[in-house]
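Open your viewer, make yourself comfortable, and let's walk through this model one selection at a time. At each stop you will get something to select and a short guide to what is there.

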Amino acid sequence: MQKITLESLVEKAVSLLENGTVTSVLGWKKGEFDYDITPAVFESADELKKDFVWNDFCGANFSKYLVSKTCKSEGKILVFLKPCDTYSFNQLLTEHRFDREKVYAVGIPCEGMADINKVKEVVGDGISKIESNGDDLVVTTIYEDAPVKVTCKDVLAERCVNCKSKRHVAYDELLGEEGEVIASERFDEVERLEKMTPEERFAFWQNELSKCIRCNACRDVCPACTCEKCVFDNPNSGVENKAASNSFEEKMFHIIRAFHVAGRCTDCGECSRVCPQNIPLHLLNRKFIKDINEFYGEYQAGAEVGLRAPLVDYTLEDLEPGEVFDRRDNNA
Amino acid sequence: MRKCLVEDINSVLAQINKAAKVYLPVDGTDGKARFEEWAEGKEWSNALNTERSAKDFFFPQTENLMEFKTEGKNIEIIDIRSDKDDFVIFGVRGCDVRSFDILDRVFLVEPIDSFYKARREHGIIISVACGRPSETCFCGAFGIDASNPAGDVTVWRTKEAVYWQSNTDKGEELLKKVEGLTDCDEAAVEEEKAKIKKIMDKLPLANLSTEDFGAGKTMELFDSDKWKDLSESCLGCGTCTFVCPTCQCYDIKEFNAGKGVVRFRCWDSCMYSDFTQMSAGQPRLSQLERFRQRFMHKLVYYPERNDGIYGCVGCGRCLAKCPISMNIVKVMKSLGGKDNE
Amino acid sequence: MQRIGVFVCWCGSNIAATVDVQAVAQALKNEPGVVFSTDYQYMCSQAGQDMIKEAVAEHNLTGIVVCSCSPRMHEATFRKTAAAAGLNPYMVEIANIREQCSWVHKDIPTGTEKAIILGKAAVAKVNLNTPLTPGESPVTKRALVIGGGIAGIQTALDIADAGFPVDIVETKPTIGGKMAQLDKTFPTLDCAACILTPKMVDVAQNDKIRIFSYSEVEEVSGFVGNFDVKIKKRARYVKEDLCTGCGACVEKCPMKKVPNEFNLGMDNRPAIYIPFAQAVPKVATIDPNACNMLKNGKCGLCARVCTAGAIDYTQKDEIIEEKYGAIVVATGFNPISMDKFDEFAYSQSKDVITSLEFERLTNAAGPTAGKLVRPSDGEHPHTIVFVQCVGSRCENCAEKGKEYCSKICCMYTAKHAMLVRDKYPDIETYVFYIDVRTPGKNFDEFYRRAVEEYGVKYVKGMVGKVSPEGKKLKVQASDLLNNKQLNIDADLVVLAAAIEPDKSARPLATMLTASMDTNDFFTEAHPKLRPVESPTAGVFLSGACQGPKDIPETVSQAGAAASKVIGLLAKDKLTGNPCIASSDENMCNGCSSCERVCPYGAITYVDKEFRMPDRTTKVRRVAQVNPAVCQGCGACTVACPSGAMDLRGFASNQIIAEVDAICK
Amino acid sequence: MQIKEYKPLIVAFCCNWCSYAGADLAGNNRLNYPAEVKIIRVPCSCRVNPMFILRAFQRGADGVIICGCHPGDCHYTSGNYYTRRRMALLFSMLDFLGIERERTRVEWVSAAEGAKFATTMNDFVEKVASLGENKRLEDLRCKR
């Protein structure tokens with residue numbers, strides 16, 4: 001259950017539109033069901049009142065849209081940012097990817113977003129209605145007469161279970177209460193994999209990555225993937241491919257993508273959210289984040305604008321590549 | 001009509017597998033169903049549908065077409081086509097069965113796609129009726145009867161028993177080879193059909209209308225100002241295309257392995273900015289145009305050329321999978337005027 | 001499609017003994033793009049080169065692969081050959097089948113197989129080579145010398161002599177550096193001032209040389225031939241152009257108790273001062289930390305006595321911006337602090353001094369007017385102990401001293417002991433040493449004279465402890481040659497302190513993007529072949545900033561650095577290395593990753609308007625590489641996620657083609 | 001039928017200023033190392049893109065080694081420091097995916113270390129050979 005109300009967001013958006021601060025609003029738009037929410041640009045109070053939505057399924061991170069939206073529009077655009085979105089926002093600014101002057105950022109608190117797949121694991125298919133009620137979601141299906149109660153906490157998206165921060169690191173205005181950076185257990189799963197034998201790890205990833213259909217959703221949604229042309233789309237890059245022909249190409253795509261966003265990935269978790277094959281892609285990024293923290297000191301991409309990413313930095317005393325495994329073996 | 005007990009399904013599949021290799025939906029580590037080769041211990045999934053559609057069997061994501069061997073400056077062309085064995089796809093839902101008809105109308109008309117044809121001829125389809133459809137299902141809008149799907153064999157699963165009905169000679173041939181199926185009357189199946197039909201009527205998308213689409217609607221829909229809003233937040237990824245059972249676009253590419261070259265085809269997506277890239281560029285420059293193409297093709301261009309049959313089967317995969325939850329239903333409701341309000 | 005010629009060299013039997021060169025030539029003939037392939041005994045010989053030229057003409061070759069020795073050996077040779085044949089020199093690739101093949105593998109089948117693969121990789125690369133032309137940039141014909149010691153002075157004079165303007169930036173109020181503080185110089189014993197001060201005057205009088213004394217380099221940008229430098233001229237509260245150096249102010253200044261840094265604090269100076277009589281520029285400077293007028297506005301005496309009206313209490317630091325074509329670093333050295341060497345009682349007794357203090361103590365212009373006395377009581381010393389290697393060659397005491405040998409101490413200690421014995425034969429002198437190192441012209445003779453003619457007592461061994469006892473200094477030491485302990489009652493102990501680079505060197509190196517070793521000495525571009533150049537183009541090294549040096553060595557390096565600068569400034573234009581990075585603006589998204597890894601600051605950004613495929617236009621920030629600055633390392637190419645940044649001559653597709661050819 | 005002895009294929013990226021010269025020195029001193037090592041010259045170890053490494057594995061390399069100047073000695077002052085970070089992270093990631101960690105290595109070899117170059121290569125080839133063929137990062141199309 002979100003603490004900030006839909007009404008207060010709409011009210012804020014309408015007032016900013018009406019007083020001329022912004023000319024458009026980037027927000028969530030109502031879908032067919034209560035969980036299929038689409039990012040949309042609203043330009044009038046009527047549109048906002050009719051279609052704007054804010055509930056436990058508003059997961060989409062709007063930061064990346066600013067790259068194209070600020071480029072097109074003349075006026076300012078209002079964007080609602082959840083705490084995790086603000087990290088992407090800062091990282092994009094660090095990389096000069098959009099015009100800050102054209103954005104009015106409103107930070108909104110977030111209690112964590114629900115994963116519809118997890119809801120369906122409990123209630124099954126055939127959902128006709130989902131309502132929020134305190135700490136619960138009340139789900140009505142076409143198969144049961146009585147609605148089913150599901151505790152929000154039990155159906156949180158993975159990235160929200162392991163939320164790293166409820167603090168906003170960027171905004172022009174904050175609605176609701178500011179939260180704190182959280183000592184999350186987000187690296188536990190990476191650690192679990194690290195403790196496996198190489199054979200087990202290989203089998204794990206072989207199974208996961210073989211599901212990949214190379215739809216590029218992970219890349220296209222990723223706020224760190226804002227290349228004008230991706231190397232995997234560029235016939236001159238030597239690695240271009242449309243579909244993964246075999247297990248090598250599956251790995252190649254995901255290794256290189258993770259490497260390209262290493263040190264820049266804020267761990268927003270969008271890649272895993274959108275993966276139509278449920279591949280835990282965030283684990284690759286988190287592996288890099290964990291290694292960076294361990295090798296070069298704690299680093300959170302997007303914590304501030306202008307931070308120097310670890311891969312474009314060095315110290316004279318850096319760990320040698322050969323020492324990486326010695327260190328891990330000793331820790332184990 | 002034949003039947004077996006639910007607990008005997010594995011032994012029946014084992015027998016079918018003796019006749020031809022069987023593929024069936026199996027739950028993976030993520031709890032989602034995908035088609036896998038049958039083997040002892042693999043359980044038929046209870047999931048409504050597979051994550052990827054069944055089109056993979058006839059139109060796989062990548063398929064090698066031919067090879068070239070290079071030795072110095074000499075090139076030798078190698079035909080890699082070989083004889084295929086029959087195989088059985090078990091547990092295909094009605095929507096996916098219809099998708100094969102749609103693909104056939106593309107690949108099996110002149111010039112016939114011999115790769116597709118070879119796979120299609122060897123495939124035996126055992127469909128299954130949908131006992132528990134999802135809110136994302138809308139096959140009914142395209143005239144598909146989920147309670148009585150097509151295919152060489154149709155299967156109904158109730159709590160106790162699995163019912164088998166052959167629809168084609170191919171299907172009858174297959175069922176004849178299976179011992180342990182007993183003959184039965186159709187009462188139980190009729191009851192199941194009626195039950196499913198009732199559920200279908202209750203589905204949230206049961207009343208989705210195709211009235212405003214189909215042949216001849218190009219001029220009316222092409223310039224609609226609604227495309228802008230609809231395509232606004234499209235990421236341009238290929239999720240909808242690749243999970244779609246009817247999308248049939250592919251690209252032909254070559255892989256230079258050093259000593260030789262493999263020419264292969266792979267799925268392509270009209271959502272991609274380099275789709276149908278030509279030396280002069282590509283015809284659809286904006287995401288709006290690309291987005292419009294996909295839906296106009298499914299709802300207008302395809303039926304125009306194929307006796308009014310729509311290029312969508314209502315399987316609902318794109319509804320579940322689109323990263324931004326934009327999909328054909330929202331497009332139909334937005335463009336479709338009053339009927340879909 | 002290229003038309004490639006392959007030339008396989010036998011290198012006599014060097015290659016041919018382990019590689020079947022004919023088989024290699026034959027195998028490569030079938031590679032795509034190859035239209036001609038041959039082998040020859042010595043490809044680098046005139047006959048071999050002529051063969052290449054003829055083949056280029058006869059077969060219309062567009063690219064050349066030479067399978068031969070290392071490209072580090074003859075790549076330049078074959079590039080010249082290609083140029084002479086009318087090809088772009090960068091259309092040549094070398095397959096290293098000698099150093100990396102025939103010389104390391106034993107049998108012919110192995111060597112031949114590998115040579116063919118290396119040849120294929122080179123062919124694959126040439127197929128993707130493009131002609132490259134080096135870029136050009138203009139040269140600002142002015143040099144900057146940072147540091148006004150003997151190194152900087154000599155460099156500046158030599159550059160000015162060749163007709164180019166030079167600026168010297170010196171942090172002290174006067175040029176002259178350490179040499180100005182010395183008494184006599186080894187091994188000739190001529191007085192330092194006698195040979196240095198005329199040079200200082202030359203500098204002052206040379207109209208090509210400007211001196212920015214009491215100044216620091218604040219900021220450096222730009223690149224070889226085009227440096228932009230900001231120099232901070234600190235306020236000395238005296239107008240340089242008006243001050244005549246008469247010294248009236250110095251005499252009248254009531255604040256006379258400021259430790260005199262020129263005499264290493266062994267006497268005092270006034271708040272307004274001229275470091276020494278021959279200072280250049282001979283201009284007074286007010287010490288703002290000591291001057292009452294500046295501190296609390298109470299005094300103003302100097303202004304009243306200055307007839308020239310040069311005193312200006314309101315003077316501010318001034319920033320001077322100037323363009324230079326070349327920069328010479330001559331920041332010199334300092335003795336290390338003796339704080340950590342308590343065993344020698346340096347901080348406890350005034351009679352334990354460093355060698356540089358000893359120089360001032362024996363200098364006629366020093367605090368005692370040249371009379372050697374004990375600093376504590378002004379009495380004549382009878383026994384002097386010199387301790388060598390204090391803080392030098394400290395293998396196990398890196399936290400106290402330095403691991404390296406300071407090089408100059410053996411000679412100046414011999415000089416000190418000799419001078420003492422010469423002037424005061426009654427004084428006993430002991431020198432404790434680890435080794436006596438005297439390699440240099442007339443150096444060993446000098447040392448032997450000290451021992452043999454002057455009776456300086458050299459003892460091999462280290463001093464363990466010096467303890468003040470009454471008026472004496474108890475020196476406990478070991479005599480390693482005679483294997484006994486020595487106890488000496490000394491009147492004066494002189495420590496030969498290790499020398500270290502000046503503290504200003506490290507921040508300066510950062511500004512210049514010049515590299516340093518772990519001891520903060522500047523690194524030379526090559527220790528043997530380019531000893532006076534830093535790896536950063538256009539930055540040169542003079543004197544002890546590069547490593548410990550005596551005066552003759554410093555002067556010769558200063559001259560060498562000057563000649564390198566002259567060589568650079570004599571050019572109107574610089575031609576760069578064509579193998580540099582370049583960014584494909586259509587793909588660049590302006591993320592700044594490349595800029596952050598560039599060690600040379602070669603990448604800048606511009607906003608540019610692009611026509612998008614959907615017919616709209618969009619202004620984007622894109623990276624541009626300055627071809628004169630880029631050195632071609634390629635760090636940016638990997639930092640760039642989109643692959644917009646590529647390296648000419650080592651392009652991604654070329655390296656990938658090599659990988660493919662090797663792994664085929 | 002003769003069974004071909006398994007010999008690993010090693011791609012060595014060597015920086016022009018130190019390691020390539022070190023390899024030359026190994027040659028000058030006639031220090032043997034296996035012919036399976038094939039050197040690609042790059043201006044600096046920081047030119048080595050992870051894509052090149054994966055490409056080598058795809059095309060059938062069994063091991064990839066990157067050699068550069070010792071930290072602090074880079075001809076370009078800082079190139080190898082970037083290499084050090086990039087490769088530490090990349091190799092750790094490959095290990096995370098279950099690729100044998102012995103197949104990748106970074107070694108600093110100066111122009112004076114001909115002997116180190118040869119011993120490094122001997123050791124690396126031996127380690128990779130003991131792993132056998134690269135199966136986990138192979139592309140079967142390149143095998144024929």
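One idea will help before we start: two residues are in contact if their C-beta atoms, placed from the backbone, lie within 7 Å. Keep in mind, too, that you are looking at a predicted model.

**Stop 1: chain C as a whole**

Select chain C and colour it by secondary structure. You will find 19 helices and 34 strands. Turn the chain around: along its principal axes, the C-alpha trace spans about 95 × 70 × 40 Å. Of its 664 residues, 53% are buried. Now think about which parts of the sequence meet. Among the contacts in chain C between residues at least 6 apart in sequence, 70% join residues at least 24 apart.

**Stop 2: a five-stranded sheet in chain C**

Next, select strands E10, E7, E6, E18 and E29 of chain C. They form an open sheet in just that order, with parallel pairing. Which strands sit at the edges? They are E10 (209-212) and E29 of chain C, each of which pairs on one side only. From one strand to the next, the twist averages 20°.

Zoom in on one pair. Strand E7 (residues 166-169) of chain C is joined to E10(C) by four bridges in the parallel sense. Show the residues Asp167(C) and Arg210(C): Arg210(C), in E10(C), is the bridge partner of Asp167(C).

Then add helix H16 (residues 551-569) of chain C to your selection. This helix lies across E6, E18 and E29 of chain C, and runs at about 170° to E18(C).

**Stop 3: a helix with two sides**

Select helix H15 (residues 505-512) of chain C. Which of its residues are buried? Ala505(C), Leu508(C), Ala509(C) and Leu512(C) are. Look down the helix axis to see how they are placed: these residues cover an arc of only 105° around the axis, so they lie on the same side of H15(C). On the other side of H15(C) you will find Arg506(C), Pro507(C) and Thr510(C), which are exposed.

What covers the buried residues of H15(C)? The cover includes strands E6 (143-146), E11 (215-223), E18 (326-329), E28 (499-501) and E29 (539-541) of chain C. Here the contact idea from the start of the tour comes into use. You have already selected E6, E18 and E29 of chain C, as members of the five-stranded sheet. Before leaving, click on Thr513(C), just after H15(C): this residue takes a positive phi of about 50°.

**Stop 4: following the chain through two crossovers**

Now select strand E22 (residues 428-433) of chain C. Is this strand largely enclosed or largely open to the outside? Five of the six residues of E22(C) are buried, so the strand is largely enclosed by the rest of the structure.

Bring in strand E21 (residues 383-390) of chain C. E21(C) and E22(C) pair in the parallel sense, over five bridges, and Ile384(C) stands opposite Thr429(C) in E22(C). Trace the chain between the two strands: the path from E21(C) goes through helix H13 (residues 409-423) of chain C to reach E22(C), in a right-handed β-α-β crossover.

Continue to strand E23 (residues 457-460) of chain C. Its parallel pairing with E22(C) has four bridges, and Tyr433(C) stands opposite Lys460(C) in E23(C). The chain crosses from E22(C) to E23(C) by way of helix H14 (residues 443-452) of chain C, and this β-α-β crossover is right-handed.

**Stop 5: where chain C touches its neighbours**

Show chain D beside chain C. Here 37 residues of chain C are in contact with 36 residues of chain D. On the side of chain C that touches chain D, the elements giving two or more residues are helices H4 (71-84), H5 (98-102), H6 (108-126), H18 (635-639) and H19 (652-663) of chain C. The largest share, eight residues, comes from H19(C). Colour this side of chain C by residue class to see 19 nonpolar, eleven polar and seven charged residues.

Then switch to chain B. Eight residues of chain C are in contact with seven residues of chain B. The side of chain C that touches chain B has three nonpolar, one polar and four charged residues.

**Stop 6: a sheet in chain D**

Finish by selecting strands E2, E1, E3 and E4 of chain D. In that order, these four strands form an open sheet with parallel pairing. Its edge strands are E2 (37-42) and E4 (104-108) of chain D, each pairing on one side only. Strand E1 (residues 10-15) of chain D pairs with E2(D) over six parallel bridges. For a last close-up, show Ala12(D) with its bridge partner in E2(D), Ile39(D).

Note on methods. Residues are numbered from 1 along each chain as its sequence is written. Chains are lettered from A and ligands numbered from 1 in the order in which they are written. This is a predicted model: local features need pLDDT of at least 70, side-chain atom pairs count only at pLDDT 80 or more; totals for chains, interfaces and linings use all residues. Two strands pair if DSSP finds at least two bridges between them. A residue is buried if 20 or more other C-beta atoms lie within 10 Å of its own, exposed if 12 or fewer, and partly exposed in between; C-beta atoms are placed from the backbone. The arc is that of the directions from the helix axis to the C-beta atoms. A crossover is right-handed if, with the strands pointing away from the viewer, the path from the first strand over the helix to the second runs clockwise. Ala, Val, Leu, Ile, Met, Phe, Trp, Tyr, Cys and Pro count as nonpolar, Asp, Glu, Lys and Arg as charged, and the others, Gly among them, as polar. Axes are lines fitted to C-alpha atoms, for helices over the stretch in contact, and angles run from 0 to 180 degrees between N-to-C directions.
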